[in-house]
Amino acid sequence: MSTNPPLTAPPLTRREQSKVVAGVCSGVAYRLGIDPNVVRVVTVVLALFGGAGILLYALGWLLLPDERTGQSLAERALRGGGPDGVSAVLLAVLLAVVAIGVGVAFVADSWFGITVLVVAVAIGAVLLTRRPVGPGAPPAPRADAPAGAAPPPPWEPTWSPTQQTYAPHTYAPQIYAQQDVSPPGQPEPRSRPRSYLGPVTVFAAMAVTGVLGLVDVTGADLSFSTYLAAALAVVGVGLVVGAWFGRSRALIGLGAALLVVLVPVATIERLGIGDAAGDAFESILVEPSSAAELDGTLDEYGAGDVTYDLTDIDFVDRDVEAEIRVGAGTLQVDVPEDVTVVVDARIGVGQIDVLGEQSSGLGWRQVQRTDDGEADGGTVRLVLQMGFGNVEVSRDGA
Amino acid sequence: MTVHETDVTSLVFGLVFVGTALVWGLTELGVITVAMLPVAVPVVLVVVGVIGIVAAIARGRARDNEAFQP
């Protein structure tokens, strides 16, 4: 990792070494010369917010060549080749479906679609990555080697010509060889069997998240932090199990990513509820008296709980536009029953709830138009910006 | 999977994550109020830290014992 960059960058492949699921993140990181956990964290964050991470991962899995065979999964599936031809085709089809599905769901922005996909990915991946864990395979109780900083193990990729060129210390192999020598009387296998604890935990976390999504759809109305906390708990349990069985250290990066996201999200949700923490914020109530007064407004606030009460305004036959910006806190806009509402809401971090349509995340934008107002009830166009917090638009009394 | 020597790193991080999720859950359920978080979070760290210390020492001793055996 700290070695000098090679003159020719290593090819972008799925790496067998230090992989968690299919080696996509590991391969990308190797290509970029950065720590795989960085790529994993980015992927997970992208997966949580909108599913882009899942989409990219699925595409990477499908299209990046395996470092050992030089063939991508898609290629192998199309040729139907290999000893595991059937499972390759199945996996490729599944990944393609996932990629397309997530892409569509990403556009449609529906929790339900994403949830179904996540569950499908989890189930499919568990089924397809199941390896014949033969009872004859020697269970290798490994001494606790530092997972992150392990020297190149003996099963280094076969495309070594490229590798040789950038080994900066020619004496390194000898040193590694010495370090790798097992204690006498305890023969170490050529390659330690891959622990399936990591993938199992990741898929369990996905499945739990998916189940929560289904519960959410049935009307329980779970908060975003519920998903994060549940996934975090599963990852934590996986790591604790990994303290004694198998290896799961790579999950630390995933857990850290979830933790980093959970804390601000939970804080925002608390602020939104407006309990003790929220009371520290200034509460501002704005009640414009007429449509003319509201039209063309551009109001900016630093931090606070800002409420715009537009319910007493008569919008009939008018088309009014107003822009409200809040740095941090909450922004609530109450609109009358009969007006058509066009909302363009943008948030840095937090939740948007426009007339019951909720979305949450990072750098989120929601544009929405409602036509359930009365035909001549007029139109109000709201451009709402929030740095850190919640935005809510609701009908009179709702 | 067979039992291996305790991986303290894995254990400690796992407990931190589980503990955080636990604190979040208790807060959601109203068992802990937001005002108690400044106490609850350090308590988790102290408990996990002590477990980590004990586990690390225990592992070190196990290794020493092993080393002295012929």
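This is a short walk through how chain A and chain B meet, plus a few salt bridges and one odd loop residue.

Okay, hi everyone. One thing up front: what you're looking at is a predicted model.

Let's begin with chain B. It has two helices and zero strands. Of its 70 residues, 30% are buried. The accessible surface of chain B comes to about 4400 Å², and 74% of that belongs to carbon and sulfur atoms.

Now, the interface. People often describe an interface by the accessible area lost when the parts come together. Here, chain B and chain A bury about 2500 Å² between them, with 68% of it on carbon and sulfur atoms. As for who takes part, 23 residues come from chain B and 34 residues from chain A.

What about polar contacts? Between chain B and chain A the count is nine residue pairs, both residues at pLDDT 80 or more. On the chain B side, the elements giving two or more residues are helix H1 (8–29) and helix H2 (37–68). Which of them gives the most? That's H1 of chain B, with 13 residues. If you sort the chain B residues that touch chain A by character, you get ten nonpolar, eight polar and five charged.

Next up, salt bridges. The general idea is that side chains of opposite charge can pair when their charged atoms come close. Over all chains, the structure holds eight salt bridges.

How many of them cross from chain B to chain A? One. That's B:Asp7 with A:Arg249, and the closest N and O atoms are 2.8 Å apart. If you want to find it, A:Arg249 is in the loop between helix H10 (224–242) and helix H11 (251–273) of chain A, and B:Asp7 is in the segment before H1 of chain B, so this pair joins two chains. Is B:Asp7 buried or exposed? It's buried, at a relative accessible area of 6%, because the cut-off for buried is under 20%.

Staying in that segment of chain B, have a look at B:Glu5. B:Glu5 makes a salt bridge with B:Arg63, with 3.2 Å between the closest N and O atoms. This one links distant parts of the chain: B:Glu5 sits in the segment before H1, while B:Arg63 is in helix H2, 58 residues apart. Both ends are partly exposed: B:Glu5 has a relative accessible area of 26%, and B:Arg63 has 36%.

Over to chain A. A:Arg325 and A:Glu300 meet through their side chains in a salt bridge, 3.0 Å from N to O. A:Arg325 lies in strand E3 and A:Glu300 in strand E2, so the pair ties together parts that are 25 residues apart in sequence. A:Arg325 counts as partly exposed at 28% relative accessibility, whereas A:Glu300 is exposed at 54%. And there's a third residue to add here: salt bridges that share partners join A:Glu300, A:Glu323 and A:Arg325 into one network.

Last stop, still around those two strands. Where is A:Asp317? It's in the loop between strand E2 (297–309) and strand E3 (319–335) of chain A. What caught my eye is the backbone: A:Asp317 has a positive phi of about 60°, although it is not a glycine. A:Asp317 is also exposed, with a relative accessible area of 67%.

So, to recap with the interface: about 2500 Å² buried between chain B and chain A, and one salt bridge across it. That's me done, thanks.

How values were computed:
Residues are numbered from 1 along each chain as its sequence is written. Chains are lettered from A and ligands numbered from 1 in the order in which they are written. Side-chain values use heavy atoms; hydrogens and water are left out. Contact means heavy atoms within 4.5 Å. Buried area is the accessible area (1.4 Å probe) that two parts lose on being put together, summed over both. A salt bridge is a side-chain nitrogen of Lys or Arg within 4 Å of a carboxyl oxygen of Asp or Glu. A polar contact is a pair of N or O atoms within 3.5 Å; within protein, one must be able to donate a hydrogen and the other to accept it, and residues adjacent in sequence count only if both atoms are side-chain atoms. Helices (H or I, at least four residues) and strands (E, at least two) are DSSP runs, numbered from the N terminus. Ala, Val, Leu, Ile, Met, Phe, Trp, Tyr, Cys and Pro count as nonpolar, Asp, Glu, Lys and Arg as charged, and the others, Gly among them, as polar. Buried means under 20% relative accessible area, exposed over 50%, partly exposed in between (1.4 Å probe, protein chains only). Accessible areas come from the Shrake-Rupley method with a 1.4 Å probe; for residues, only the protein chains shown count as cover.
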